[in-house]
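I sat down with this model today and kept a few notes as I went. Here they are, in the order I looked things up.

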Amino acid sequence: VTDQDAAIDELKRGEIVGLASLVKIHQLKALRTAYGILGDRAEAEDVVSDAFLRVLDRIASFDRRRSFEPWFYRIVVNLAIDYRRKARRSEARSEPAEKHLGRATELDAREMRIDLGREIAALPRPERAALVLRYYLDMDEESMATVLGCPVGTVKSRLHRGRERLRRSLSNSEHDWLPKPAEGA
Amino acid sequence: VDQSIAEGLVEYVEQGIRADTDIVEQVMRRAIDRHRPFRTRFRWTVVGAVAAAAFASAVAVAAATGNLSLKVGPSATTLARAEQAFGAHVFTARADSGAVLYAVYFWPATPRPANAEPGSQPARNEVELAYSYARSRVDVTEVLDPTTEALNVDALGPGGAKLKAAGGLGAVTIEAVNGSEYVVGRSVDGSVVEWIIWKSSTRVVVTTHFGPGLTHDLAFALAATFR
């Protein structure tokens with residue numbers, strides 16, 4: 001029995017202490033996932049806290065035969081997307097990603113990453129979420145479709161568009177950390 | 001490029017959230033504050049279950065009467081609602097094209113981010129249609145172009161620079177079919193069409209993305225039917 005299994009058993013028995021174990025296990029990955037979508041540390045913390053509370057509320061309906069992670073990350077991603085929508089409506093608490101990233105200025109390679117951060121933050125929400133699931137959580141397209149609640153074709157389309165936009169904007173900037181053109185190409 | 005994006009993305013999120021970040025206390029405080037006796041939670045579970053059953057029945061009735069598209073995800077909607085929100089005619093495949101529409105999405109316009117690059121455009125209202133066609137999924141996105149200018153598509157020229165890890169880009173051509181012009185993107189080996197883009201006389205830019213790619217004839221047998 002893993003720590004995660006034990007924590008879920010505790011929660012299913014109504015022992016709230018199991019939640020602390022789940023938070024310890026998943027908080028970093030969940031926070032980074034939410035940050036990738038929102039580009040804001042405080043918002044990411046709000047979203048992930050809400051996600052764990054949602055787990056607490058819904059743990060009775062969680063089927064133990066299924067994997068916990070896709071179920072949990074579906075909650076995180078959907079809350080992140082919804083949170084962003086609410087934030088846009090109220091124009092509240094907007095703290096763009098570059099505020100965090102803007103401190104790094106000394107190393108060229110780091111500056112390139114900053115540019116990538118800006119490009120990611122400027123992508124449309126659905127494409128950003130798709131890129132985070134694919135490249136940070138390393139999910140395949142089927143899993144992404146489950147988490148995002150959309151068809152696999154839509155996932156492919158969003159990934160394609162997100163990649164193309166990043167590639168276009170970054171190759172226009174002649175970043176030296178991008179793969180160089182092949183000789184003779 | 002995939003690897004570069006992956007590395008850049010990982011570094012981006014790692015810079016944003018440090019490894020020692022800990023929200024256990026924050027979560028537990030909120031959880032304990034709102035912790036309810038089991039009986040109360042049980043009552044809400046029953047209320048929720050009844051509401052869910054009622055909703056499921058309503059969905060089943062609506063689907064049976066043809067008034068509801070298949071709901072997939074939080075932004076799924078009906079074609080009629082999407083068109084209303086979009087504010088312009090939404091182009092759809094002709095009924096006898098063989099394509100089956102199974103989902104409609106609407107993404108509302110979003111303002112240009114404060115950190116957007118100079119010259120970048122805000123996201124506009126976007127309708128997304130998901131079709132099943134010829135053993136392929138076809139994702140159609142429609143966006144209203146505010147200008148009356150000709151369609152402008154970013155593409156790398158066939159003789160231009162290529163990214164070593166990109167696997168290359170397929171040829172992009174402009175083709176006239178039935179008197180209309182389409183921008184056609186092919187696979188790297190040129191064997192299949194992966195996407196087709198065109199702009200209607202009503203300024204709607206329609207992008208069809210085929211996954212997997214289709215033969216030229218099959219792709220246009222669908223794309224040319226959009227009205």
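**The sheet.** I began with β1(B) and β2(B), which run antiparallel and are joined by seven bridges. I am working from a predicted model, where local features need pLDDT of at least 70 and side-chain atom pairs count only at pLDDT 80 or more, while totals for chains, interfaces and linings use all residues; side-chain values use heavy atoms, with hydrogens and water left out. Residues are numbered from 1 along each chain as its sequence is written, and chains are lettered from A and ligands numbered from 1 in the order in which they are written.

I took strands as DSSP runs of E, at least two residues, and helices as runs of H or I, at least four residues, numbered from the N terminus. Two strands pair if DSSP finds at least two bridges between them. Between β1(B) and β2(B), I noted that B:V104 has B:L129 as its bridge partner. Strand β2 (residues 126-133) of chain B is also joined to β3 (residues 136-144) of chain B, by eight bridges and again antiparallel. There, B:S132 stands opposite B:R137.

Next I traced the whole sheet: it is open, with seven strands of chain B in the order β1-β2-β3-β7-β6-β5-β4 and antiparallel pairing. β1 (100-107) and β4 (172-177) of chain B each have a single partner strand, so one side of each is left without a neighbour in the sheet. From one strand to the next, the twist averages 20°.

**Buried or exposed?** I wanted to know how many residues of β1(B) are buried. Six of its eight are, where buried means under 20% relative accessible area, exposed over 50% and partly exposed in between (1.4 Å probe, protein chains only).

**Cores.** A nonpolar core here is a set of buried Ala, Val, Leu, Ile, Met, Phe, Trp, Tyr and Cys residues joined through side-chain atoms within 4.5 Å. The largest has 72 residues, and A:L19, A:V55, A:F72, A:L133 and B:L9 touch the most other members. I listed the contacts (heavy atoms within 4.5 Å) of A:F72: leaving out residues up to four places away in sequence, they are A:H26, A:A30, A:A51, A:F52 and A:V55. Another core, of 31 residues, lies apart from the largest one and includes B:V104, B:I196, B:V206 and B:L214.

**Salt bridges.** I counted a side-chain nitrogen of Lys or Arg within 4 Å of a carboxyl oxygen of Asp or Glu, which gives 14 over all chains. B:E128 and A:R158 form one of them, at 4.0 Å from N to O. This pair crosses between chains, from strand β2 of chain B to helix α9 (residues 152-172) of chain A. B:E128 is buried at 1% relative accessible area, and A:R158 is buried at 3%.

I also looked at A:R65 with A:D63, whose closest N and O atoms are 3.1 Å apart. A:R65 is exposed at 76%, whereas A:D63 is partly exposed at 28%. In chain B, B:D96 and B:R94 come to 2.7 Å; B:D96 is exposed at 60%, and B:R94 is partly exposed at 46%. Shared partners link A:E127, A:R161, A:R165 and B:E126 into one salt-bridge network.

**Confidence.** Last, I checked pLDDT, the predictor's confidence in each residue, from 0 to 100. Chain A has a mean of 77, with 74% of its residues at 70 or more. Residues 89-107 of chain A are below 50, and so are residues 175-185 of chain A. Where pLDDT is low, the predicted coordinates should not be read in detail.

Methods:
Axes fitted to C-alpha atoms, helices over the stretch in contact; angles between N-to-C directions.
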